[in-house]
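Biologist: I am new to this structure and would love a close look at one part of it. Could you pick a single strand, walk me through its surroundings, and then show me how it sits in the whole?

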Amino acid sequence: MVTPSATLTKSASPILVPVLMAGGTGTRLWPLSREQYPKQFLTLIGPLSLFQQTAQRATGIDNAVAPVVLGSEDHRFVIAEQLQDIEIKPSAILLEPQSRNTLAAAAVAAQHIAVRHGEDAFAFLMAADHYIADFVAFQLATYAAAQAATRDCIVTFGITPTRPETGYGYIRSGETIDQNDVRAVEQFVEKPNAETARTFLASGDYFWNGGMFLFRCGHFLEELRRLEPETYERSLHAVQYARQDNGFTHLDAEAFSLCRNDSIDYAVMEKTQRIALVPLDAGWEDVGSWSYLDHMPSDDPSQNHTEGDVLLEDATGNLVHASSRLVALIGVDDHIVVETDDAVLVAPKDRAQDIKRVVQSLKRDKRSEVENHRRVFRPWGFYETIAGGDRFQVKRICVKPGQKLSLQMHYHRAEHWVIVRGTARVTIAEKTFILTEDQSTYIRLGNTHRLENAGRIPLELIEVQTGVYLGEDDIVRFSDAYGRTEGTTELQATPVPTPA
């Protein structure tokens with residue numbers, strides 16, 4: 001590869017736009033990570049989610065404007081709520097209509113920023129599921145990368161390796177090309193075996209591929225048009241024909257689906273002649289599987305890592321996460337044990353990568369445990385299943401102050417609502433009335449209805465559903481404050497006549 005110029009100038013700093021890539025699913029952290037609430041939104045390290053920590057890092061970067069978030073349509077309300085909780089207002093939330101690799105993510109982000117801020121603006125692509133302990137070291141590395149980007153380098157961050165890791169790709173660095181320790185890139189290397197990884201660690205020339213990139217948008221788009229012309233055009237169309245709705249930018253589905261499903265590494269970084277590497281030694285961890293806990297400080301002299309209500313007797317080197325009840329281990333060594341309110345995982349630590357096989361089996365069998373927890377988050381609050389059986393289901397519902405559910409009806413179930421806390425404004429058919437604590441109402445099958453929090457504290461209620469079908473897709477929305485489907489049914493079935 002051609003070595004970029006060693007002379008970097010300190011010209012006026014361009015706008016830098018952090019891009020938080022938050023579209024992953026985190027299958028290897030099941031059962032805590034689910035499709036509708038994946039790992040980046042979980043509080044795995046510290047009181048904030050990985051996504052929230054990434055957003056805070058982004059807003060602390062010098063010359064950075066409000067971040068752009070790139071995520072899934074399915075997670076849009078979780079993204080918005082978690083940002084609101086830490087009082088960060090993004091410049092845009094771009095929603096991917098389907099899962100694609102990092103090439104498409106980088107392409108639409110660069111196109112969006114070029115339109116919004118001009119081609120001289122910098123984009124800083126950051127994965128939303130990484131942990132970084134040392135923010136000062138992160139800032140210094142970002143400054144060095146921005147300086148290199150002023151010379152039209154496409155910069156990748158090489159993570160200083162701390163162990164012979166076989167689960168990451170590596171980058172072999174070349175000569176140092178400026179005073180900020182920016183380096184040339186000699187080679188991208190696939191995940192090595194253990195012996196090769198030890199050789200890489202000893203050499204000092206190899207870095208983990210951290211999947212973070214910083215570049216001037218105009219230069220990246222030039223390279224994209226040269227190397228991936230179809231993806232360039234399709235990503236441009238996905239941005240140009242995007243739909244704005246309730247603070248979200250819905251990328252054009254047809255154009256986005258035609259973007260090549262590949263990584264930015266394979267499609268661009270390994271082919272461009274203007275690449276540079278900035279070393280990052282900042283306590284970085286890719287929280288990709290339960291094994292990440294092995295690299296955190298242990299909780300006891302026996303090298304166990306625990307979270308929640310855990311009791312250990314004669315147990316060594318275990319990773320234990322208890323969510324809803326006591327978990328006790330006796331005479332167990334080197335195992336992963338994860339408990340949630342609807343699933344328990346037990347696996348030897350050296351089989352952590354095989355958790356994906358469990359998730360695949362759950363998908364094949366269409367099990368609900370792969371998609372949602374019992375507590376399901378919605379833009380208005382959440383609901384959780386308490387009990388269920390043949391022809392009945394009991395849920396706890398919590399509605400945030402000022403929020404309301406859609407005006408809706410169901411073909412196959414009736415509902416009983418009992419208010420536990422707060423004040424509800426209830427609409428049933430043409431009638432609207434107020435319910436308070438310990439009051440109840442009944443919604444007959446086929447009746448239009450709406451629930452709204454009319455008070456200043458969270459509204460909590462118990463909902464008892466009865467009927468022949470109790471799935472969440474038995475709903476027809478007539479009016480919705482959050483831009484979800486209106487006027488159409490989400491369950492294709494023969495309507496059941498409304499009882500008299």
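Modeller: Happy to! Let us start with a pairing: strand β1 runs parallel to strand β2 (residues 68-72), and 4 bridges join the two. One place to see this is Met21, which stands opposite Leu70 in β2. To get from β1 to β2, the chain passes through helix α1 (residues 50-59), making a β-α-β crossover that is right-handed. Please keep in mind that this is a predicted model.

β1 has another partner as well. With strand β4 (residues 122-127), β1 pairs in the parallel sense over 6 bridges. Here you can look for Leu20, which stands opposite Met126 in β4.

Now for the surroundings of the strand. β1 covers residues 16-22, and 7 of its 7 residues are buried, so the strand is largely enclosed by the rest of the structure. Try following its two faces in turn. On one side you find Leu16, Pro18, Leu20 and Ala22, and on the other Val17, Val19 and Met21; every one of these is buried, so both faces are covered. The two residues we used as landmarks belong to opposite faces: Leu20 is on one side and Met21 on the other.

Let us step back to the whole chain. Along with β1, the protein chain holds other elements, for a total of 10 helices and 31 strands. Its radius of gyration is 25 Å, close to the 23 Å that the globule rule gives for 500 residues, so the chain is as compact as a globular protein of that length. Along the principal axes, its C-alpha atoms fill a box of roughly 80 × 60 × 40 Å.

Burial can be followed across the chain too: 52% of the 500 residues count as buried. On the outside, the chain exposes about 22,200 Å², with carbon and sulfur atoms supplying 47% of that area. As for contacts between residues at least 6 apart in sequence, 69% join residues at least 24 apart.

Finally, a word on the cysteines. A search of the whole structure finds 0 disulfides. Cys259, for instance, is in no disulfide, and the nearest cysteine sulfur, that of Cys217, is 16 Å away. Cys259 counts as buried because its relative accessibility is 3%, under the 20% cut-off. Cys398 is buried as well, with a relative accessible area of 9%.

Note on methods
Residues numbered from 1 in each chain as written. Predicted model: local features only at pLDDT ≥ 70, side-chain atom pairs only at ≥ 80, totals over all residues. Heavy atoms only, no water. Disulfide = S-S within 2.5 Å. Buried < 20%, exposed > 50% of the residue type's maximum accessible area, 1.4 Å probe, protein only. Pairing = 2+ DSSP bridges. Right-handed = clockwise from strand over helix to strand, strands pointing away. Rg over C-alpha atoms; globule rule 2.2 N^0.38 Å. Contact = heavy atoms within 4.5 Å. Areas by Shrake-Rupley, 256 points an atom, 1.4 Å probe, with all protein chains shown as cover.
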